Amino acid sequence: MAFLGVFRRWLPRQNTLTLGAAIILLWLLLGIFAPWIAPYDPVVLDPAASLLPPGGHYFFGTDNFGRDIFSRVIWGARVDLQMCLIGVIFPFMLGTTLGAFSGYVGGAVDALLMRCIDIVLAFPFLVLMLAIIAILGPGLISFYIAMALVGWVSYARLVRSQVLTLKHQDFILAARSLGYSHVRILFVHLLPNALVSALVFSMSDCVLVLLSGAAVSYLGLGVQPPTAEWGVMVAEGQSFITTAWWITTFPGLAIVVLALGFSLLADGIGEKMGART
Amino acid sequence: MSTLLQVSHLSVVNRQGIALVDDVSFSLDSGEMLGLVGESGSGKTVSCRALMRLLPPDALRIAGGEVSLQGQNILALTERQMAKIRGREIGMIFQNPSSHLNPIMTIGAQIAESRRLHFGASAREAMVDAIELLRKVGIPDPAQRVKSYPHEFSGGMRQRAMIAVALAPEPKLLIADEPTTALDVTVQLQILRLLMTLRDTLGVAIVLITHDLGVVAQTCDRIAVMYGGRLCETGGKNQVLAGALHPYTQGLMDCQPASEGGHSQLVTIDGQPPVAEHFPTGCRFHPRCRYATQDCQAQQPPMRTSPMDTRHQAACHHPLAHLHTQEASC
Amino acid sequence: MHRYRFLLFRPLQLLPVLFGISLLTFAMVRSIPGDPARILLGVRSTPEALARVRAQFGLDEPLWLQYVYFLRNLLHGELGKSIIYRVDTLKLIFSRMEPTLWLIGGSVLLALLLTVPLASIAARQQGKWADHLIRLLSTGGLGFPSFWLGIMMILLFSITLGWFPVSGYGDTWLEQLHHMVLPCLTVALALAAVLIRNLRTSLITEMASDYATAARARGQPVSRIFWRHAMPNSLVPTINLLAVNVGWLIGSTVVIESVFAIPGMGQLLVKAIFSRDYMVVQGVVLVFALATVLVNLLADLATVSLDPRVKL
């Protein structure tokens, strides 16, 4: 009980940013050093050790194939972190470029882009992703492509509105009067300023991508078994929920913790940004 | 005419312990209009918020003094009892009517709300009262306008609507916090006339907070001048304007542009009003006063009464009238 | 009344979007590799059936003409036949609509029932432990995968406590209510996490506003100011947030229907994807898109009627 009291006083004083960063760093290290940290191989079957509860050799228990859940969760960190990274980078690059270009050029090009954004936004996010994956066939690559095709919208809108505000500011006028080309102005002067808010947004986007990727994999349309990914593991464990609750619970908790890390990081950065302006 | 409001030695301090309102006393009779004059930072708004106990609790607190409303010290009341006083006994109107009215409620609903809360009126009765109040404050076509939203009124009309909302609980005292500062000059006059009419017809006492001595000259019965959180001078309007005792008051009067036109230079008071962190020692006006002496820097002057009128007082070591003055007993 | 004029112009504004939706959906299905006629019919393709389908959908015609046929069919409510269920796609979708509507409606209701009290407590207890706790829970709640949360709910409430059924939809109205509690609660919790943060901030801002101070100056008690002044002003942006999140809400129901084996449109979509029932996929996607557009329109309507300052 005393520990709780200390924790309660310590917690609010901790920097949101550092907490979030710490969580993400932890998972990063676990994922990178998985081959050395994980006690067991994540894919090798061991029927003799199937459905063992947590404890003893098997920290989180085993699944119906006798695979160690703890090891699979650690190895799964690699896949899920990769999902976050690639699932954010491509929409980021695509959306930022399109948004900046459209905002700067304006006119018919801009109007066209806004229409495209409206159309993509008319579809529920996950539904559109699933439809694209349906065409491309299930798999992680399909997920990345679908994510790029759907996720660019948020970045485009954000960067576009930033560029629209910035391009009328004095320092841009000064650059024009110095004879700088449009391309130079766009890439050297406007984009770095607009990118900041896009970067901040990408932090909270990581949460969305992680949850979407896990959900798509849960449905069987993303990462395919036997690869250890947390969403897939949750799906695999659902049939055994009555007899072996640990198969589903621990991978899900891993998602929660990593998502919390991203959320805290995003909030922390947001706070710092707010403090500065 | 009986004394309605008696503020005695009111002090308000901020978190650093600096007194933004320091030992302020003034009084008001029923049916009177008191002009509370001062530059920004003089403490006039804070005093009145303190009076109504509407200070932001984490930033300011009342450090001392008494506020007597018809003999009852309202500073000693519980919050619950104070809530009954607010609105019903003392009302307040604000500088910016746009932000001080609920944007998604009709004017009629906001007036009716007070009627139902304070008088238990039924919905229909409250609406009838609302229409009547709108008529009293000079809003044309009140039966229609009662269904309008605040943003549908023009600036002057919106201020009138806010006055109607404040009058709904029928307060005996109305505090008007710079009600005309944000309005066009022509509209300002209308609002001031309205306040005077309300004083005459409804008998409501008014504290008019303003930085404009000219406004006070046209409307008020009494004046209280504040500077740097302290009271400089208080008295009947005519007495003060005829013979100001405090150099600051005289300075304010000199600053008024001559209304007959002319080519004389605009007079100003040198310097800037003090900020809370850097209040001067002794008399807070002494750095800007041309009559200042060592005494002025050393000690805050006590309130001295003019022998010609016991209600005319000034806090100055060297009052301008140079008449034989005595220490005031407050 | 003139404030509602935008309703007249809105269909015109929506036309490009509606076209875009139909075009995108058409393009998606057409981009599936392989013979479209065989894709539409699946394994049961006889030469006569193939010929018939080719004629109906104009598959030998240029692509743009095919799109025209597609639009024409669409306007007649003709979305093709499901190759698995052998019925009209539209009929199939309608038969699955009820559980999904149940789920969405129930989730929104539960979410609001959770959000309003919790956000109110957090706002009025600002800075105290209740506020910190609620904020922590809602920040953390943003990161809960809904499918996992649903399973945990099943674990706790169905298996351990036995209060609710594990899955399925039920037959009678009462049974359905019983079955829908956990699924709706799961979605509601995630939705509430988003809404609480927003409503709490709005409430704090409104309570600190000038008109709230003016109301206090009139002797209005703080609780009355909170419920009759601050809350209505705060609900307007919250309803907007809800509308913005409708796409996410629909996505959630797709996942939750799979978790709880609810026979709604979401599960239909997932099954159709696995069985390559492309007409059904197309139909469901179209219906969901139209629903999103409709909900956004309703949200605009609600905003106009609640906030008299808004002009659209």
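Which residue is the bridge partner of Glu233(B) in strand 12 of chain B? In this predicted model, the partner is Ala314(B). That's a handy way into chain B, so let's begin there and then move on to how the chains meet.

**Strands of chain B**

Strand 12 of chain B (residues 309-315) runs antiparallel to strand 10 (residues 230-236), and 2 bridges join them. Strand 12 of chain B also pairs with strand 11 (residues 303-306), again in the antiparallel sense, over 4 bridges. Here Met303(B) stands opposite Ala315(B). Strands 11 and 12 of chain B make a hairpin, with 2 residues between them.

Elsewhere in chain B there's an open sheet of 4 strands, in the order 2-1-4-5, with antiparallel pairing. Its edges are strand 2 (19-29) and strand 5 (72-73), each of which pairs on one side only. Strand 1 of chain B (residues 3-14) pairs with strand 2 over 7 bridges, antiparallel, and Val12(B) sits opposite Val21(B) there.

**Around Asp177(B)**

Asp177(B) belongs to strand 7 of chain B (residues 173-177). Is Asp177(B) buried or exposed? Asp177(B) is buried, because 21 other C-beta atoms lie within 10 Å. Beyond its neighbours within four places in sequence, Asp177(B) is in contact with Thr45(B), Cys48(B), Met92(B), Ile93(B), Phe94(B), Gln95(B) and Ile209(B). Take Ile209(B): it is 32 residues from Asp177(B) along the chain, yet their C-alpha atoms are separated by 4.9 Å.

Glu178(B) is in the loop between strand 7 and helix 7 (185-202) of chain B. Glu178(B) isn't a glycine, but its phi is positive. Chain C has a residue of this kind too, Ala261(C), placed in the loop between helix 12 and helix 13. Here are the two, with their values:

| Residue | Phi | C-beta neighbours within 10 Å | Exposure |
|---|---|---|---|
| Glu178(B) | Phi about 45 degrees | 19 C-beta atoms | Partly exposed |
| Ala261(C) | Phi near 55 degrees | 13 C-beta atoms | Partly exposed |

**A cis bond in chain A**

Chain A has its own backbone oddity: the peptide bond from Pro225(A) to Pro226(A) is cis, with omega near 10 degrees. Pro226(A) is found in the loop between helix 9 (182-218) and helix 10 (230-238) of chain A.

**How the chains meet**

Of the 2 pairs of chains that touch, A and C have the most contacts. Chains A and B, on the other hand, share no contact, and their closest C-alpha atoms are 20 Å apart.

Between A and C, 37 residues of chain C are in contact with 35 residues of chain A. On the chain C side, helices 1 (6-30), 7 (129-141), 8 (146-160), 12 (246-260), 13 (265-274) and 14 (278-306) each supply at least two residues. Helix 12 of chain C gives the most, with 7 residues. By class, the chain C side has 27 nonpolar residues, 10 polar and no charged.

One helix pair deserves its own look. Helix 6 of chain A (residues 125-136) packs against helix 12 of chain C at an angle of about 60 degrees, with axes 6 Å apart, so the two helices are oblique to each other. Phe125(A), Leu126(A) and Val127(A) make the contact from helix 6 of chain A, while helix 12 of chain C brings Gly247(C), Trp248(C), Ile250(C), Gly251(C) and Val254(C). That contact has 6 nonpolar residues, 2 polar and no charged.

Methods: Residues are numbered from 1 along each chain as its sequence is written. Chains are lettered from A and ligands numbered from 1 in the order in which they are written. This is a predicted model: local features need pLDDT of at least 70, side-chain atom pairs count only at pLDDT 80 or more; totals for chains, interfaces and linings use all residues. Two residues are in contact if their C-beta atoms, placed from the backbone, lie within 7 Å. Ala, Val, Leu, Ile, Met, Phe, Trp, Tyr, Cys and Pro count as nonpolar, Asp, Glu, Lys and Arg as charged, and the others, Gly among them, as polar. Two strands pair if DSSP finds at least two bridges between them. A residue is buried if 20 or more other C-beta atoms lie within 10 Å of its own, exposed if 12 or fewer, and partly exposed in between; C-beta atoms are placed from the backbone. Axes are lines fitted to C-alpha atoms, for helices over the stretch in contact, and angles run from 0 to 180 degrees between N-to-C directions. Angles under 35 degrees count as roughly parallel, over 145 as roughly antiparallel, 65 to 115 as roughly perpendicular and the rest as oblique.
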